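Welcome, and please open the model in your viewer with the sequence panel beside it. We will go from stop to stop, selecting residues as we go.

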Amino acid sequence: MSIIKVENMSFGYTNSSETLTNINMKINEGEFVAIIGENGSGESSLIKCILRLNTNYEGKITVKERVGYLPQITEIQNNFPATIEEIVLSGTIPQNVFKIFYTKEDRRKAEDAMKKLNLYDMRKKCFYELSGGQRQRVLIARALCSTEKIILLDEPVNGLDPKIVTGIYDILYNLNQNKGLTIVMVSHDVERTLNYCSRVIEIEHGRIVKDVNSKEYKKGDA
């Protein structure tokens, strides 16, 4: 069953060469999809269109489940004064909804997400005290509080130490394989990503040029 469906979608920024043209794709439940391409090919723009962060696109995008999102590291405020627990809890708040109090169910979701990401024992630490890898784990936990079905990640390991990168990938793979979480990830770390994802969508100059399973992509037969 498809969770996300993109039909004949085109998008372009004003005064920018980055465009998307006639994008058609489906993301099915349980997949681990890597979206790859050269910088400026439109991968991040595609993710933001799916999330409705970019709204002035042409075509149709259908999203059947609530989506968790982890943005690029460069978009994250590293000096944010909130604790791990506060940040993870904020993932339970639907977009454009103002909440003062969290329910017992919200707190249960946050506790469960922190335990999955080995963050529970350090939940009172402030975000700015954490290492890069720990921050990414916090933001993955936050995304998990938004949904139990699908998360979108935009270059989640960019700039991180190789050992930390492997840990992040292992966490994502475990959530996909053992929890049934559907994952869509923009990545320029293609070689390593291929060891974890089940499917590769390659974008070149704003168009999908390959959409194959990871084994076919590795063989170069696509």
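## Stop 1: Ser90

Select Ser90 and show its surroundings: leaving aside residues up to four places away in sequence, Ser90 touches Tyr102 and Arg142 (a contact means heavy atoms within 4.5 Å). Before going further, please note that this is a predicted model, in which local features need pLDDT of at least 70 and side-chain atom pairs count only at pLDDT 80 or more, while totals for chains, interfaces and linings use all residues. Residues are numbered from 1 along each chain as its sequence is written, and side-chain values use heavy atoms, with hydrogens and water left out.

Ser90 sits in helix α2; helices (H or I, at least four residues) and strands (E, at least two) are DSSP runs, numbered from the N terminus. Is Ser90 buried or exposed? Ser90 is buried, at a relative accessible area of 19%. The scale runs like this: buried means under 20% relative accessible area, exposed over 50%, and partly exposed in between, using a 1.4 Å probe and protein chains only. Now look at the side chain of Ser90, which reaches the backbone oxygen of Ile87 at 2.5 Å. That is a polar contact, meaning a pair of N or O atoms within 3.5 Å; within protein, one must be able to donate a hydrogen and the other to accept it, and residues adjacent in sequence count only if both atoms are side-chain atoms.

## Stop 2: the nonpolar cores

Next, select Val88, Ile140 and Leu172. In the largest nonpolar core, which has 43 residues, these three touch the most other members. A nonpolar core here is a set of buried Ala, Val, Leu, Ile, Met, Phe, Trp, Tyr and Cys residues joined through side-chain atoms within 4.5 Å. Colour β3 (32–36), α2 (84–90), α3 (104–116), α4 (132–146), β6 (150–154), α5 (162–179) and β7 (182–186), since each supplies at least two residues of this core. Which element gives the most? It is α4, with seven residues.

Zoom in on Leu172. Beyond residues up to four places away in sequence, Leu172 touches Phe32, Ile140, Ile151, Leu153, Ile183 and Met185. Then add Ile3, Leu20, Val33 and Val67 to your selection: these are among the members of a second, separate core of 26 residues.

## Stop 3: helix α4 and its partners

Show α4 together with α5. Their axes come within 10 Å and cross at roughly 20°; axes are lines fitted to C-alpha atoms, for helices over the stretch in contact, and angles run from 0 to 180 degrees between N-to-C directions. The two helices are therefore roughly parallel to each other. For reference, angles under 35 degrees count as roughly parallel, over 145 as roughly antiparallel, 65 to 115 as roughly perpendicular and the rest as oblique. To see the contact, display Gly133, Gln136, Arg137, Ile140 and Leu144 of α4 with Ile164, Ile168, Ile171, Leu172 and Leu175 of α5.

Now swap α5 for α3. α3 and α4 pack at an angle of about 140°, with their axes 9 Å apart, and are therefore oblique to each other. Here Lys109, Ala110 and Ala113 of α3 meet Ala141, Leu144 and Cys145 of α4.

While α3 is on screen, pick Asp106, which is part of this helix. Asp106 is buried, with a relative accessible area of 8%, and its side chain reaches the backbone nitrogen of Thr103 at 3.0 Å. Then step to Asn118 in the loop between α3 and α4. Asn118 has a positive phi of about 55° although it is not a glycine, and is exposed at 61% relative accessible area.

## Stop 4: Tyr217 and Arg207

Finally, select Tyr217, in helix α7 (residues 214–219). Tyr217 is buried, with a relative accessible area of 18%. The side chain of Tyr217 makes a polar contact with the side chain of Glu202 at 3.0 Å. Not counting residues up to four places away in sequence, Tyr217 touches Ile36, Val190, Leu194, Val200, Glu202, Lys210 and Val212.

Glu202 also leads to Arg207, which touches Thr21, Asn22, Ile23 and Glu202, again leaving out residues up to four places away in sequence. Arg207 belongs to strand β9 (residues 207–213) and is partly exposed, at 44% relative accessible area. For a last distance, pick the C-alpha atoms of Arg207 and Gly42: they are 165 residues apart along the chain and separated by 8.3 Å.
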